[in-house]
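Subject: A structure for you to look at

Hi there,

Here is the structure I promised to pass on. Please open it beside this email and follow along as you read.

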Amino acid sequence: MNYLDVFLGALRYEFRMQARRPAIWITCLGLGLILSQFHQPWGRPTTSPIGEAIVYWTMEMHSILAIAVGILLADRLSRDQRTRVDELFTTYRSPSSMRLFGKYMGSTLATLLPVIIIYSVGVGYLLARWQTLAGLPIALAAFACIVLPGIFFIASFSLACPALMWTPLYQFLFVGYWFWGNLLPGFGIPSLSETPLTPVGSYMCTAFFNAAKHEGVCNPGIEGVTAWQGIESVLLLICVAFLVMLMLPLLLRWQRGRRS
């Protein structure tokens, strides 16, 4: 069995398993409904640029739904350990690194499904209200630049960290980290807030979509960020996620060695 077959097999299996979980749809759609009532760009005058309304919607949606994504992905490895499926996998002669990477990609893409639906509904409403399709390329670019790097970053930690700690403890700490290290400005306490490693997308939003520094576009935004710094933030988030997934098979192998 070659590496690609292992990766694609794990991806398809995890995607189907995760996409069929009612908790994913109930949680994300419920948060999306709340979000549409209390945090929304729907009331903007149609004389304002539609791109600003779409980018604002992207940031607001990502700020809230990323919490659900991180929590819902945290039980993937622990569930395998609880059901002893991980012991079965160790008997296979397939590379564990590719199987874990397939698990990571499949479960993350499946968890993104309700997020994409909620985002698309919001974008569709804005396009209909402005009566133009000019904002569609901006919507696609904003999702790719702001949402995806941050989601893949937190997904890697949500898969790996529960291997080191109790899953509910990680979920609790993750929620605290998301607000403290992403949505709240620095108060003298060290955090990743306002750094290129902020997965909420502040750097990308300001650098790529709000160079004119208009208010009501990026929330949160960071002043003075250049396009190169936005690219740096994207690359850092993706590279860190990749490194975490490279380290995870080594960690699991070390744990199995201690138990044996």
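Let's start on the surface, where Trp166, Leu169, Phe172 and Leu173 make a nonpolar patch of about 500 Å². A patch is built from residues with over 30% relative accessible area and no salt bridge, joining like charges within 9 Å and nonpolar side chains (Val, Leu, Ile, Met, Phe, Trp, Tyr) within 5 Å. A salt bridge here is a side-chain nitrogen of Lys or Arg within 4 Å of a carboxyl oxygen of Asp or Glu. The areas come from the Shrake-Rupley method with a 1.4 Å probe, and for residues only the protein chains shown count as cover.

Before going on, please note that this is a predicted model, in which local features need pLDDT of at least 70 and side-chain atom pairs count only at pLDDT 80 or more, while totals for chains, interfaces and linings use all residues. Residues are numbered from 1 along each chain as its sequence is written, and side-chain values use heavy atoms, leaving out hydrogens and water.

Trp166 lies in the loop between helix H7 (136–160) and helix H8 (167–183). Helices (H or I, at least four residues) and strands (E, at least two) are DSSP runs, numbered from the N terminus. Is Trp166 buried or exposed? With a relative accessible area of 64%, Trp166 is exposed; the cut-offs are under 20% for buried, over 50% for exposed and in between for partly exposed (1.4 Å probe, protein chains only).

Now for the rings. The structure holds nine aromatic pairs. Rings of Phe, Tyr and Trp (its six-membered ring) pair if their centres lie within 6.5 Å, and planes under 30 degrees apart count as stacked, over 60 as edge-to-face and the rest as tilted. One of them joins Phe174 and Tyr177, a tilted pair at 6.2 Å centre to centre with 45 degrees between the planes. Both residues lie in helix H8, three residues apart, about one turn of the helix. Phe174 is buried at 4% relative accessibility, and Tyr177 is buried at 18%. The rings of Phe174 and Trp178 have centres 6.1 Å apart and planes at 35 degrees, so this pair is tilted. Phe174 and Trp178 are four residues apart in helix H8, and both are buried.

Elsewhere, Phe7, Phe101, Tyr104 and Phe152 form one aromatic cluster.

Last, Ile231 is found in helix H10 (residues 227–259) and is partly exposed, at 35% relative accessible area.

Enjoy exploring!
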